[in-house]
There are 2 protein chains.
Amino acid sequence: MSKHSFWEARYRLNRDASIPAVLQTFEETGRIRALTRELREGEKQHIFWESDLAKWLEAVFLHLQKEEDQELRDFSERLIDKLIRNQEADGYLNSYFSFHEPDHKFTNLKVRHELYCAGHLLEAALEHLKLDPDSRFFAALEKYIDHIAQVFGRGVGQKRGYPGHQEIELALLKAYEYTGKAKFLELAGFFLDERGQAPHYFELEDQKRAEYEKPVDYSEFPSEVRDFISWHMSGLKRRDHTYYQAHQPAFEQKTAEGHSVRALYMFTAMADYARLTGDPQKIAACKVLWENITCRRMYVHGGVGSAHIGERFSFDYDLPNDLAYAETCASIALIFFAERLMRIEWNSEYADVIERALYNVVLASTSTSGKAFFYDNYLEYIPDFQKFQHRRHGVRDEYHTCSCCPPNVLRIIADLERYIFSQPGEEIMVNQYINSEKSFDLGDGTISIQMESALPWGGKVRVVVSSNSNQPRKICFRIPSWDSAPKILLNGEPLKLKPESGYLGVEKVWGARDVVEVDLNLTPYVVRADPRVRYNANRVAVFRGPLLYCMESTDNSSHLNQYLLDEDPKFTEIPQDQLAPGAIALETEGYRVEPSTTSLYSRSRPKRSRARLRLIPYFLWSNRGECEMLTWVLEDSRYGLSS
Amino acid sequence: MSKHSFWEARYRLNRDASIPAVLQTFEETGRIRALTRELREGEKQHIFWESDLAKWLEAVFLHLQKEEDQELRDFSERLIDKLIRNQEADGYLNSYFSFHEPDHKFTNLKVRHELYCAGHLLEAALEHLKLDPDSRFFAALEKYIDHIAQVFGRGVGQKRGYPGHQEIELALLKAYEYTGKAKFLELAGFFLDERGQAPHYFELEDQKRAEYEKPVDYSEFPSEVRDFISWHMSGLKRRDHTYYQAHQPAFEQKTAEGHSVRALYMFTAMADYARLTGDPQKIAACKVLWENITCRRMYVHGGVGSAHIGERFSFDYDLPNDLAYAETCASIALIFFAERLMRIEWNSEYADVIERALYNVVLASTSTSGKAFFYDNYLEYIPDFQKFQHRRHGVRDEYHTCSCCPPNVLRIIADLERYIFSQPGEEIMVNQYINSEKSFDLGDGTISIQMESALPWGGKVRVVVSSNSNQPRKICFRIPSWDSAPKILLNGEPLKLKPESGYLGVEKVWGARDVVEVDLNLTPYVVRADPRVRYNANRVAVFRGPLLYCMESTDNSSHLNQYLLDEDPKFTEIPQDQLAPGAIALETEGYRVEPSTTSLYSRSRPKRSRARLRLIPYFLWSNRGECEMLTWVLEDSRYGLSS
């Protein structure tokens, strides 16, 4: 990425502000001291703390792969030492269990995140291996995976189990692709295939544990606690295997169910497994799940997993705005899934969803300071409402007890290049218009692509292509979902191209310097939801290019649902550099509806008058103190009637 | 009440179906066996079981006051014996504490419902006293109250406490009015005046208990439970005195806060206390609270307490339909408060709210079988939504572990006569048009009123007045909020009367037989909410007379938010006797909006086509199996624009 671009600034914020800030919270809360048994009075190691460190390390290694930083390098090498020093002779590597429950290893896969931690450690170790071909971190993890492959399997004395929180599957498939070692593919396949089989492993495991574990006697809890447990925990006490996507074998699942991050980590692994095994039925199964999510269970900002109890998928079209969960990690996992599908086939839908989640949920999840993060990503926020619903406040926090999201943001921003280009076959796909430079080895030569993009604030994209090959080669430029007919010029000459699966393919023998210009239309527009999304009836969401916009009460009056947008709103673009360099706010003339009586209910209509509405990019919300926020704004129209 | 009327049928259902059904659940679950220490293996006495029995007894006594039933009388007398046999020598009467925690009496007023149980027992005993002037039940309760008055007070060694769940205050004021004994008034005044004073009694109590009670160590709970506790219990762990309306002295409170039933039982007592002490400032304080509730915190069906976590009031205009709590008991308590205010002054608002809550929430809370009850009263119900929000299902249950609502319904239906007439001064107010007969002693003679009303299905009301007094006397007929100009005839002659505070006052020397006819307009109409109620933007609620209507998917297609009502809808009335004798459904031609693309989000508008909508009375919903339900239907209009 070249300097001074939008994403370059975001990348630097990640490296310079977020990585140190997240590390600081991990150090302060004992995650590093725990590895050397140096916890302080009152501190208690948590079962998935190692996964937090692993994700942080992975982000660091991704940065170090691009740019050396001796201090960060030294620190991370010392952290690796602390982590792997706890490895046991047989390869087992999880300090929580080694220190606190050595007899309970792999006895509660359902809820205890052991294999999840192994997966994140393996992912981090793989990025370390790219920095250091003799990585002792990867060696330790390979030894641990070999141990896991001995414990789990279909042989005599082996456990036919699988993780309650998926993650290791996708890590194993990454390891297979990078090392070529079949054992990684086989173990991933085992975990995917065993899932949801009868007899149910989690039930067998529960029965076994019941022989020695004292069951929790909920009736002995104070009554005030008991009530909450009986109401809210019913799903956990029941045999709700959908929560863990263990209700059916993985490739037989048709809808996205249960905990959204678990589900999407699994779908990501499924897509890789389907591609690597070349099984068309498995590929088809992944596309059924993709379609269920993106056509029926995804928020307009790219958030998924709408139900806050259980952080989970619920049912088709259930997308409440004020109650939204839409965990940051879930959108990151959706991006993973989309990227894996993009490796299988040409279809701009995948890049569209990546763009949607990246520019909205992922960007929004971090404060402009880089130091505070959202866990849930509301689409409507009213401070008192969330308070009385006992939901998290609409203010980013520097620390979350359950810290999965911040380091996930670190690693996806550090790995952004992955999403820009792809090569599913012979063609080179330009999926995201983000400043970058990349060379592709064609066998008979190379193609180098240098891209400069003004997105998201400007619509001009300039791509310089240099090749030394004599063969014609197709470079495909994505048509974004929000501009069906972008202007495209080759060396200054307009091209008339027929779209193919959402891309404009320019095929030619590329010379020493060909220039392709793509001119994207950033006129603000509104989108409407399928009317089965009951929350959005007669409402619109405002976009400019890939950016969702929202109203904040800071710029308007409170009670944002008293505003109406005109049916065909015209927006004025207002520079708002004080929010973020280059940022553009939108203003339009609409209406504000006011009560016409003092009665709470009456036969009379409320009255309305012209009013200005100001919207800001959604990803910048809540950077000026806590206030109301609204994405889906009421439209001044007769619902369903064409204007 | 005369036979064959709507309310007579409801009254008989209460007596013949609901009273036995509720008793059966109480017997089966051990509430009666607990009194004689005969609980079975696994059964555990609950701290407020006696209040359930007290409310059931009160309903029975109210019925017995109108009509003898030897079997019910004998049973209830035996139950009284079982209850009062547990009274201790000093008067203490609460079998839970006597049996299980004799050393903890009155040590945790904040959460342990001891004084609440005393209040309900006193209310029941007062109704028994009306049946039996030598009531041993009332004698036992008077002894218990004397004991309480020794324990609590401002003297040396007395506790300056007050109940965490209000109830005893209103019971004491009933006792004062019926017996004339000042001690009851004084104790009620003490509890009201001490509330919210500094130093805070609940904090002192917490400190004292901490000396001997082991604190609950939440950190030792399983992590899955701990999360829920930290999220949901934060309000209970914090010193949130608003929950108990103990954040300020009672008469200084300006808004309805905290647990809705606690709040409204207290407001009811406050109104009685204000009236009985004749303090205009206290009366004004009650009216401020009334205005806050009815103008900003009340659902269109008369439900209050919108937040399900804590069963509580939240903030102005926060009235979500699908998440509504709107506990049955809270609407019953709102009716109590309104009835007390109606004793203070002429104002048809009070009777309007009583009517709204009675015909909608209270009626809806019971199944047509009379045997199953709602605890929460949703205004929109989508089975999967409530399931994923871990809320109660939209099906009435025969038994609720926390059984406060069913016996509260029993006693308000048994006591319905109370709400029909009132006599705040010289005038006789006709507040509800319900079949009834009543005589009023005027000093110089009597007036007898016999009323026949076709409500809610028909609008004709016929009132026959007979008097032997020579003095002119005013009888005031309420103008319902839904018919601002009812036709009124005196002996066949139309009367032109100027409304006074929402009533039409007919003043004359009444003869041996004067006939007043009131003809109420039952043309269906729609109401709109204050636009600050964000959930109801561009939506209307359909009414016919006092009855709110709703759509059920049983009569329409699913996804009820895809329907639109015309801006000025005309309804056809359809008899629907299979739902309830005389019931009327409404049909109208509106629209159904359908997706116009397969995309979840798109720039195109959905399309619409003409469709029939059928609505049924809200109180009859969910009597034909679980299905979707909607009260606030989208309107085909430009929001805020006069048509």
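**Entry 1: the four-stranded sheet of chain A**

I began with A:Ile428 and looked up its partner, which is A:Ile475 in strand β7 of chain A. The model before me is a predicted one. The two residues belong to a pairing of strand β3 (residues 428-430) with strand β7 (residues 473-478) of chain A, and I noted that these strands run parallel and are joined by three bridges. I then followed the sheet outward. It is an open sheet of four strands in chain A, ordered β2-β3-β7-β10, and its pairing is mixed. At its edges I found β2 (421-422) and β10 (503-508) of chain A, each of which pairs on one side only. For background I recorded that strands of a sheet pair through backbone hydrogen bonds, either parallel or antiparallel.

**Entry 2: the six-stranded sheet of chain A**

I turned next to another open sheet in chain A, which has six strands in the order β4-β5-β6-β11-β8-β9. Its pairing is antiparallel. The edge strands here are β4 (436-441) and β9 (493-494) of chain A, and each of them pairs on one side only. Within this sheet I examined β5 and β6 of chain A, which pair in the antiparallel sense over seven bridges. One residue I traced there was A:Glu452, whose bridge partner in β6 of chain A is A:Arg462.

**Entry 3: backbone exceptions**

I looked for unusual backbone geometry, bearing in mind that most residues other than glycine have a negative phi, and most peptide bonds are trans. The peptide bond from A:Leu455 to A:Pro456 is cis, with omega near 0°. I located A:Pro456 in the loop between β5 (446-453) and β6 (460-467) of chain A. A cis peptide bond also runs from A:Ala198 to A:Pro199, with omega near -10°. A:Pro199 lies in the loop between α8 (182-194) and α9 (201-210) of chain A. In chain B, I noted B:Arg37, which is not a glycine and yet has a positive phi of about 55°. B:Arg37 sits in the loop between α1 (6-28) and α2 (49-66) of chain B.

**Entry 4: where the two chains meet**

How many residues of each chain take part in the contact between chain A and chain B? I found 93 residues of chain A in contact with 93 residues of chain B. The two chains bury about 8,100 Å² between them, and 59% of this area is on carbon and sulfur atoms. I noted that A:Leu600, A:Tyr601 and A:Arg605 supply 11% of the area that chain A buries against chain B, more than any other three residues.

I then counted 26 residue pairs in polar contact between chain A and chain B. Helix α10 (residues 223-232) of chain A gives the most to the side of chain A that touches chain B, with six residues. By class, I recorded 45 nonpolar, 21 polar and 27 charged residues on that side of chain A.

Strands also pair across the two chains. Strand β12 (residues 525-529) of chain A and strand β18 (residues 601-602) of chain B run antiparallel and are joined by two bridges. In this pairing I found A:Arg528 opposite B:Ser602 in β18 of chain B.

**Entry 5: salt bridges**

Over all chains I obtained a count of 131 salt bridges. I looked at B:Glu77 and B:Arg136, whose side chains meet in a salt bridge at 2.8 Å, N to O. This pair links distant parts of the chain, with B:Glu77 in helix α3 (residues 70-84) and B:Arg136 in helix α6 (residues 136-151) of chain B, 59 residues apart.

Across the interface of chain A and chain B there are twelve salt bridges. I examined A:Arg638, which forms a salt bridge with B:Asp636, the closest N and O atoms being 3.1 Å apart.

**Entry 6: the relation between the copies**

I finally asked what rotation superposes chain A on chain B. The rotation is 180°, with 0.0 Å of shift along its axis, and the RMSD is 0.0 Å. The two copies are therefore related as by a two-fold rotation axis. I looked up which residue of chain A comes closest to the rotation axis, and this is A:Arg638, at 2.8 Å for its C-alpha. The same surface serves both copies, for 100% of the contact residues of chain A recur in chain B.

Key
Residues numbered from 1 in each chain as written. Chains lettered and ligands numbered in written order. Predicted model: local features only at pLDDT ≥ 70, side-chain atom pairs only at ≥ 80, totals over all residues. Heavy atoms only, no water. Contact = heavy atoms within 4.5 Å. Buried area = accessible area lost by both parts, 1.4 Å probe. Salt bridge = Lys/Arg side-chain N within 4 Å of Asp/Glu carboxyl O. Polar contact = N/O pair within 3.5 Å; in protein donor to acceptor, adjacent residues only side chain to side chain. Nonpolar A, V, L, I, M, F, W, Y, C, P; charged D, E, K, R; others polar. Pairing = 2+ DSSP bridges. Least-squares fit on C-alpha atoms with pLDDT ≥ 70 in both.
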